[in-house]
Amino acid sequence: MSKILKGTMILTGATFLSKFLGMIYTVPFEQMVGPEGMELYFYAYTPYNILLSLSTLGVPMAVSKFVSKYNSLEDYQTGRDMFKSGMQLMGITGIITFLIMFLTAEPIARFSLSDENTSASVDDTAMVIRMVAFALLIIPSMSIIRGFFQGNESMAPTGISQVVEQIVRIVFLLVSVYVVLYVLEGSLSTAIGFSTFAAFIGGIASLFVLIIYWKKRKPYLDKQLAAQEYKYDLSKKSMFKELISYAGPFVLVGIATPLYQLIDQFTFNKAMASAGLSEISGASLSAIHVLSHKLVIIPVTLGIGLSLALLPAITKSFTKQNMKLLNHQINQALQIISLLIFPAVVGLAVLSYEAFGSFYGVEDVDYYGGLLRWYAPVGLFFALYTVTAAILQGINRQNFALVSLGAGLFIKLATNSLFIVLFGAKGSIISTGTAVLVAVILNLWRIQRAIQFSYKAVFKRTLLIMILTAIMAVTVWIIKLGLGLVWDPIENRLAALFILLISAGLGGLLYLWMAYQTTLLERILGGRVKVLDKFLKRR
């Protein structure tokens with residue numbers, strides 16, 4: 001079990017830092033390009049994320065599962081053969097998806113924009129989409145190397161390369177936007193084009209890091225091959241057949257969030273125009289799916305890191321039919337999500353106005369902060385979907401992920417425009433939250449049916465977590481109201497930041513203390529919390 005927690009800590013730490021940097025850079029970026037630029041940025045990245053997942057065909061995560069399976073059977077050569085073949089496949093699919101995105105940029109742009117007045121023109125949107133397409137040439141090959149390392153339960157290469165990729169991307173993005181707008185006095189669309197091209201530059205940096213790790217780890221991996229006594233006689237056709245059976249569901253799981261966003265990209269502006277809200281449509285769209293999403297995704301990083309670390313371990317337990325260990329691993333994974341993400345999203349909802357105002361300014365924060373408050377709980381559902389889908393894949397029920405995602409997308413399509421007309425911009429959030437929640441419930445049901453898993457312990461611990469979270473939320477609310485008598489977070493950005501830091505800090509410490517005193521931390525994380533003994537003395 002220590003490997004899961006160690007892998008989770010590495011990947012979660014790296015993913016958290018990567019996502020945190022991804023949130024922080026939006027502050028100067030938004031200040032430079034404004035709502036119009038953020039809208040253009042969103043239009044480019046949503047189809048890019050979908051085509052990126054399609055270009056990899058789910059192969060990196062599938063390779064992780066494939067390698068883990070055959071390593072557990074002490075057949076290292078089969079995993080190495082698949083890695084080589086997968087690299088060739090990723091090179092081909094990367095070129096194909098690059099050409100698709102580059103050549104269809106204008107139709108995507110036209111379909112994204114409404115017939116009403118819009119701040120983003122078709123030509124500008126198409127140009128930005130073409131610029132981000134270049135990243136598809138390199139990132140698929142890079143990501144399969146990460147999958148190979150993860151299958152060998154080596155999480156550091158993925159974590160370090162993620163952070164390097166993000167740092168290089170952000171530096172190039174901010175510098176290029178500043179140079180285009182303030183030094184060369186170029187157009188906004190040109191600046192946004194370079195900001196999306198930064199994904200290609202970051203990918204090159206990440207690939208460089210992974211090559212260094214490969215050269216460093218190759219002697220050890222070669223020793224495993226030399227010591228191998230037995231090899232499963234799999235033809236290349238059989239290997240790809242097995243890999244594709246794993247990979248198919250990974251594709252849709254990987255593009256779950258972008259697919260929900262794509263539905264908004266193609267329906268949001270038109271629905272807002274029908275509701276008579278076209279003037280604030282573009283700004284609302286970018287506020288939800290770029291600015292608020294950057295804040296909400298921070299707690300979701302735990303779910304992403306956990307799912308990546310979880311898959312090889314669960315696959316190994318399931319392959320060896322060690323059901324006791326398998327049930328323990330699933331129990332711990334779900335309880336960690338409840339322990340950490342539930343209070344995080346509740347706290348973000350309580351402090352939504354202060355959080356949005358601190359990062360993006362207090363102008364119209366009473367409106368945009370309200371959108372963030374509605375969007376925060378959706379982060380919990382996304383994290384649960386990611387983890388439950390990983391569990392399904394680990395127990396060889398990956399095909400059901402297609403069913404649950406399909407049900408969620410159907411609900412999103414059926415309700416999105418209606419809810420936007422009824423409730424305005426937050427109707428899009430309500431639609432997404434409902435859709436993802438249904439997908440999560442379906443995944444949980446399938447896990448229970450597949451391995452007779454009992455949720456009794458998860459429900460029991462989650463009930464206690466909800467009680468502690470409610471106490472924390474009320475306390476944070478009272479602190480926020482008290483500080484609001486001295487500083488006005490709606491009018492003053494610095495005041496919003498002070499209230500956010502003080503309220504979130506005290507709320508987080510209170511929750512940690514309560515979780516420790518009730519032995520909740522120890523029961524979920526094990527003896528690893530004893531380091532807190534000298535700081536928090538239990539009564």
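Which residue forms a salt bridge with arginine 146? The partner is glutamate 165, as set out in the second legend below.

**Figure 1. Overall fold of the predicted model, with 20 helices and zero strands.** This is a predicted model, in which local features need pLDDT of at least 70, side-chain atom pairs count only at pLDDT 80 or more, and totals for chains, interfaces and linings use all residues. Residues are numbered from 1 along each chain as its sequence is written, and side-chain values use heavy atoms, with hydrogens and water left out. Helices (H or I, at least four residues) and strands (E, at least two) are DSSP runs numbered from the N terminus. Of the 539 residues, 57% count as buried; buried denotes under 20% relative accessible area, exposed over 50%, and partly exposed the range in between (1.4 Å probe, protein chains only). Contact denotes heavy atoms within 4.5 Å. Among contacts between residues at least 6 apart in sequence, 82% join residues at least 24 apart. The accessible surface, from the Shrake-Rupley method with a 1.4 Å probe, for which only the protein chains shown count as cover of residues, comes to about 22500 Å², and 67% of it belongs to carbon and sulfur atoms.

**Figure 2. Salt bridge between arginine 146 and glutamate 165.** A salt bridge is a side-chain nitrogen of Lys or Arg within 4 Å of a carboxyl oxygen of Asp or Glu; by this rule the count comes to four. The closest N and O atoms of this pair are 2.8 Å apart. The pair links distant parts of the chain, with arginine 146 in helix 7 (residues 139–151) and glutamate 165 in helix 8 (residues 156–183), 19 residues apart. Arginine 146 is buried at a relative accessible area of 11%, and glutamate 165 is buried at 15%.

**Figure 3. Salt bridge between glutamate 354 and lysine 480.** The N to O distance is 4.0 Å. Glutamate 354 belongs to helix 14 and lysine 480 to helix 18 (residues 456–484), so that the pair, 126 residues apart, links distant parts of the chain. Both glutamate 354 and lysine 480 are buried.

**Figure 4. Salt bridge between glutamate 106 and arginine 110.** The closest N and O atoms are 3.1 Å apart. Because the two residues are four residues apart in helix 5 (residues 105–112), about one helical turn separates them. Glutamate 106 is partly exposed, at 32% relative accessibility.

**Figure 5. Two surface patches, one negative and one nonpolar.** Patches consist of residues with over 30% relative accessible area and no salt bridge; like charges are joined within 9 Å, and nonpolar side chains (Val, Leu, Ile, Met, Phe, Trp, Tyr) within 5 Å. Lys and Arg count as positive and Asp and Glu as negative, while His and the chain ends are not counted. Glu363, Asp364, Asp366, Asp488 and Glu491 form the negative patch. Glutamate 363 lies in the loop between helix 14 (352–360) and helix 15 (365–394), and is exposed at 66% relative accessibility. The nonpolar patch covers about 1000 Å², and its residues include Trp487, Phe498 and Leu509. Leucine 509 is found in helix 19 (residues 493–517) and is exposed, at 56% relative accessible area.

**Figure 6. Surroundings of threonine 257 in helix 11 (residues 256–274).** Threonine 257 is partly exposed, with a relative accessible area of 21%. Apart from neighbours within four places in sequence, threonine 257 is in contact with His293 and Phe382. Threonine 432, 175 residues away in sequence, lies 9.4 Å from threonine 257, C-alpha to C-alpha.

Key:
The place of a charge is taken as NZ of Lys, CZ of Arg, CG of Asp or CD of Glu.
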